[in-house]
Amino acid sequence: MRTLFSLVAPISLVLAACGSVPGDTATDTVTQGDTSTDPTATETATATDTSTSTAADPTEVPTTGAPTTDATTSTSATATDTGDTTTTDTGDPGVPTCGDPVHFASDKEPTQVVHVAPDGVDDPLSCGTLAAPCQTLGAAVALASPGTAIRLHPGTYAADEFIEELAGTEDAPIWIGGVPGEERPVISGGTEALHLSRVRHLVLHDLEVTGASGNGINVDDGGLFEDPEATRFVVFERVFIHDIGDGGNQDCLKLSGLNDFWILGSEFTGCSAGGSAIDHVGCHRGLILDNNFSDNGGNAIQTKGGSEDIEIRGNTMTDCGQRAVNMGGSTGFEFFRPPLLENAANAEARNIRVIANVIVGGEAPLAFVGCVDCLAANNTIVRPQHWLLRILQETVSNPAFEFEPVGNSRFINNVVVFDRNQISNHVNIGPDTAAETFTFASNLWFAADQADQSSPAGDLPVAETDPIVGVDPGLVDLDGDFHLTPGSPAVHSGMPLAELTGDRDHQCWADPPSRGAFELVE
C-alpha cells in the first residue's frame, strides 16, 4: 500500500497528566510507516434498500414496508464552508496537484509517547514507558496531552473503548496507532471497537479492527448537532476494518457530525450486509483517498443527513453491494447536521465528488440519492449487476421541511464497461427527481457482450455531449488491470474539469484528460 506520509522524530516520554513519571531516557524513533426482479422495470427504492436487518440505525428513517420515492442528485465542485467562521484553524482537506493529501498532521512530530501492550499493567502512576506499558487504550488516553503518540504494540486488545473530549491542537496533534515497523495491533470483538466522541486534531493509524457485532469504529459529535467544532480534524490512515456486524445495518466506520477529516490508504472488507463500509451522517469537508473496499453488503460509502463537500477519489471498490457509492440517502429529520431549516431548502447531501475510482461489480456503482450539485467524473466502472447509475429521491418535502430534489449534478469522463444481459435499465430514475437538470458528457459506454446495445441514450434524462458508444475502451485486462493501452479511444479524449487533481495512481492528468480512472503515462 502506498505510504502517504511518515513522521520521524526523537522523543522522550513526558506524561504531564500524572506529573513526574519514570520514563524512557533513551530517544524513541517514531515513524508512521506502512502496513500493509423484473429486468425491464424501473425500480423504486424503499427505506429498507440498504438495510435488511431488524437492528435499527438511529439515523435511518423508520422502515414501514411501504416504498418511498426515489431520487438522486449531484453537486458542483464548489461548496460553501458551513463551519464556524470564527475559528482560526481552517483544516481544509488540501488537494495538491496530482493528488497527494495534505492535512494538519502531515508535517508534525510527536513530542512524547505512551506505550500500550497486551501484557502491560494499567498503573496510572507508572505505566506508559516502553519497559512498563499500559494494558489498555483507555489508560493510555488518560495520560495523553497534545503532542502525544499512543503506541499500541502487536497483539489483541479488548473492544468497547469509549473515548471522549480527547483533543490535540493544530500544532500538536494526538496519534493513536501501531508501532512503526511492527505488526498492526488488533482490536477484536465486542459491540464496537472504538467509540470516539467530541475529539479534535486526532490521527488514528495502523490499526486492525474486526469482529464487532455493531459498528467497527464510531465517531460522533456527542449530540451537539449545532456545533461544527464538536468533532473536527480527524485522520484515519492505514486502518484495516473487516468482518463487522451481524448482517444488519452496522457499519465498519460510522461518522456522525464529523467535520474536516481524511480517510487515507485504508481497507474495508466484510462490512455488514445491511450497512456501509463508511457511513456519513451530517459530515462536512472530507477527503476519502486511496482506499480499498471489497465484499460489502449495503455500500462502500454513503453520505447523507446534510453531508457536504466530501471528495471520494482514487479508491477501488469491488463487489460493494446495492450501491457502491450512495450520494445522499434517507435520514431521520432529527439527525441532520446542521439541523434542518424551516424556511429554506434542505438536502440529504451537497457537493459530493466521486472522482477517479475503480468500481467493479455490485448492483449499482453510483446512486445520486437526494444529492444536489454532485459530481461523478473519471471513474472506471466494470460489470455492475443491475444498473449503471441510479437517480433517486428518498427524502421529499413535507409541510415542515422543504427538500431540494436531486439535481444539478454531473456524470462526466467515466468509462463504463458492462454486460447488457446482466443489467435491466442502463439508468434507473425514480419519481420526484430533477433528473432533467443533470449533465452527461464525454463518457465511454461499452457493452462487452453486445457492443451494439451499449448506448444508454434511451434511459438518460438528457442528451449526452460527446459520448463514445459501443467501442472497446482498450483496457489492459478487463478481468483485473483497468489501465488504458496506447490505442484506447479514451486516451486524451475527455473534458477538462477544474476538479481533476490526480488519477487513481496519483499521476497528473493530461490536457485534455483521458476518460476513466487512469491517465495514460507515456
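Two strands pair if DSSP finds at least two bridges between them. With that in mind, welcome to a set of close-ups of a predicted model.

**View 1. Ten parallel strands make up an open sheet.** Going across the sheet, the order reads β6-β9-β12-β15-β18-β21-β24-β28-β32-β36, with parallel pairing. Its edges are formed by β6 and β36 (427-429), each of which pairs on one side only. On average, and with direction ignored, neighbouring strands of this sheet are turned by 10° against each other.

**View 2. Strands β12 and β15 run side by side.** Here we zoom in on one junction of the sheet. How many bridges join β12 to β15? Strand β12, which covers residues 217-220, is joined to β15 by four bridges, and the two strands run parallel. One residue to pick out is V219, whose bridge partner in β15 is L255.

**View 3. C252 and C271 are joined by a disulfide.** A disulfide is a covalent bond between the sulfur atoms of two cysteines. In this pair the S to S distance is 2.0 Å. The angle about the S-S bond is -105°, making the link of C252 and C271 left-handed. The pair links distant parts of the chain, 19 residues apart: C252 lies in the loop between β14 (240-242) and β15 (253-256), while C271 lies in the loop between β17 (267-269) and β18 (276-281). C252 has a relative accessible area of 0% and so is buried. C271, at 5% relative accessibility, therefore counts as buried too.

**View 4. C320 is a cysteine whose sulfur is too far from any other for a bond.** Why does C320 lack a bonded sulfur partner? The closest cysteine sulfur belongs to C271 and is 8.2 Å from the sulfur of C320, which is too far for a bond because a disulfide requires the two sulfur atoms to be within 2.5 Å. C320 has 1% relative accessibility, so this residue counts as buried. Another cysteine to look up is C283, which counts as buried because its relative accessibility is 0%.

**View 5. Two further disulfides, C127 to C134 and C371 to C374, have opposite handedness.** The sulfur atoms of C127 and C134 are 2.1 Å apart. This link is right-handed, with 75° about the S-S bond, and both of its cysteines are buried. In the disulfide that joins C371 to C374, the S to S distance is 1.8 Å. That link is left-handed, at -55° about the S-S bond. C371 is buried, with a relative accessible area of 0%, and C374 is likewise buried, with 0%. The full count comes to four disulfides. If you number the bonded cysteines of the chain in sequence order, the pairing reads 1-8, 2-3, 4-5, 6-7.

**View 6. N378 is a buried loop residue with contacts from several parts of the sequence.** N378 sits in the loop between β30 (375-377) and β31 (380-382). Is N378 buried or exposed? Its relative accessibility is 0%, so N378 counts as buried. Beyond its neighbours within four places in sequence, N378 is in contact with A356, N357, I412, N413, N414, L497, L500, W509, S514, R515, G516 and A517. The C-alpha atoms of N378 and G494 are separated by 8.5 Å, although these residues are 116 residues apart along the chain.

**View 7. Two peptide bonds leading into proline are cis.** From R337 to P338 the peptide bond is cis, with omega near -10°. P338 belongs to the loop between β24 (325-328) and β25 (345-346). The peptide bond from D511 to P512 is also cis, and its omega is near 5°. P512 is placed in the segment after β41 (481-484).

**View 8. D160 and E165 are residues other than glycine with a positive phi.** Phi is near 60° for D160, and for E165 the value is likewise near 60°. D160 is in the loop between β5 (156-158) and β6 (161-164), whereas E165 is in the loop between β6 and β7 (174-178). Which of the two words, exposed or buried, fits E165? At 52% relative accessibility, E165 counts as exposed. D160 has a relative accessible area of 44%, so D160 is partly exposed.

Methods:
Residues are numbered from 1 along each chain as its sequence is written. This is a predicted model: local features need pLDDT of at least 70, side-chain atom pairs count only at pLDDT 80 or more; totals for chains, interfaces and linings use all residues. Side-chain values use heavy atoms; hydrogens and water are left out. Buried means under 20% relative accessible area, exposed over 50%, partly exposed in between (1.4 Å probe, protein chains only). Contact means heavy atoms within 4.5 Å. Axes are lines fitted to C-alpha atoms, for helices over the stretch in contact, and angles run from 0 to 180 degrees between N-to-C directions.
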